[in-house]
Amino acid sequence: MSSPALVITLKNDLSELARIAEEIKAHGESRGWPSKWILNLNITLDELITNIVSYGYPDADEHEIRVTVTDRDGELVTLLEDDGVAFNPFTQAREPDLHAGVAERRIGGLGVYFAKTLMDHTAYERVADCNHITLILRSTE
Amino acid sequence: MEMEEEKSGSLSIVSLIGRIDGLVAPEVEQRLSSIIDRGDTHVVLDCGRMSYISSAGLRAVLASARKCQQAGGKLSLCALQPSCKTVLEISGFLTIISSYDTRDAAVSAES
């Protein structure tokens with residue numbers, strides 16, 4: 001069964017990160033989502049939105065980022081939309097460095113790697129001058 | 001986000017409290033940097049009250065660990081909550097930075 005989608009709109013400001021995490025947690029708990037869904041989705045959105053806010057806009061204007069989350073038939077489907085520069089994080093982000101020691105290790109690409117690791121499916125499309133990222137979590141049963 | 005600092009012998013124990021995300025990570029890095037600059041190069045980050053850490057937070061932890069190491073010291077972690085541990089495990093951080101289950105274990109191992 002499908003529930004009404006949770007739609008959250010954010011400004012392109014890092015101070016929005018805590019709010020979206022709270023909203024997703026509250027909604028997910030009220031819908032009885034597995035705690036792993038809430039954790040994995042919140043980490044993934046935090047990382048992807050941080051990248052969009054930090055690197056997605058060549059201007060200093062206010063922009064809207066929209067997150068739509070739907071749970072249906074044991075799946076959690078999240079659409080993340082922004083009107084920043086075209087960027088497919090799943091193919092264009094740097095490969096993370098997972099092995100170097102403290103002195104040499106670089107952090108770039110780690111956030112996108114979290115997204116790929118924590119989601120069952122990720123996809124990217126450029127639609128009408130907007131980035132559309134789809135994130136899917138499936139129940140383990 | 002809040003930070004609290006205590007001394008235990010030559011160890012500095014710094015508690016990171018709340019969310020360590022991209023918004024506050026620069027401040028965390030800066031405050032840890034001033035602690036290390038002042039000569040406290042053996043640091044334990046107590047994560048018992050840290051509810052969340054993102055890759056931006058990991059960057060701050062890594063930069064601080066590097067700074068400690070360059071000054072002949074060491075940075076380690078303790079009391080990670082399961083949700084934060086996930087992020088540290090996936091990133092491979094736990095293979096390069098010592099992590100202890102409790103603050104007591106960290107203090108006795110690192111003193």
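I will go through the interface between chain A and chain B, and then the nonpolar core that includes residues of both.

Please keep in mind that this is a predicted model, in which local features need pLDDT of at least 70, side-chain atom pairs count only at pLDDT 80 or more, and totals for chains, interfaces and linings use all residues. Residues are numbered from 1 along each chain as its sequence is written, chains are lettered from A in the order in which they are written, and side-chain values use heavy atoms, with hydrogens and water left out.

Chain A brings 24 residues to the contact and chain B brings 23, where contact means heavy atoms within 4.5 Å. Together they bury about 2,000 Å², 67% of it on carbon and sulfur atoms, buried area being the accessible area (1.4 Å probe) that two parts lose on being put together, summed over both. Of the area that chain A buries against chain B, Val102(A), Arg105(A) and Ile107(A) supply 33%, more than any other three residues.

There is one salt bridge between the chains, and in it the side chains of Arg19(B) and Asp46(A) meet at 2.9 Å, N to O; the term stands for a side-chain nitrogen of Lys or Arg within 4 Å of a carboxyl oxygen of Asp or Glu.

Turning to the interior, the largest nonpolar core has 38 residues, meaning buried Ala, Val, Leu, Ile, Met, Phe, Trp, Tyr and Cys residues joined through side-chain atoms within 4.5 Å, with buried set at under 20% relative accessible area (1.4 Å probe, protein chains only). Leu45(B) and Leu75(B) are among those with the most contacts inside this core.

Conventions
Buried < 20%, exposed > 50% of the residue type's maximum accessible area, 1.4 Å probe, protein only. Helix = DSSP H or I, 4+ residues; strand = E, 2+ residues; numbered from the N terminus.
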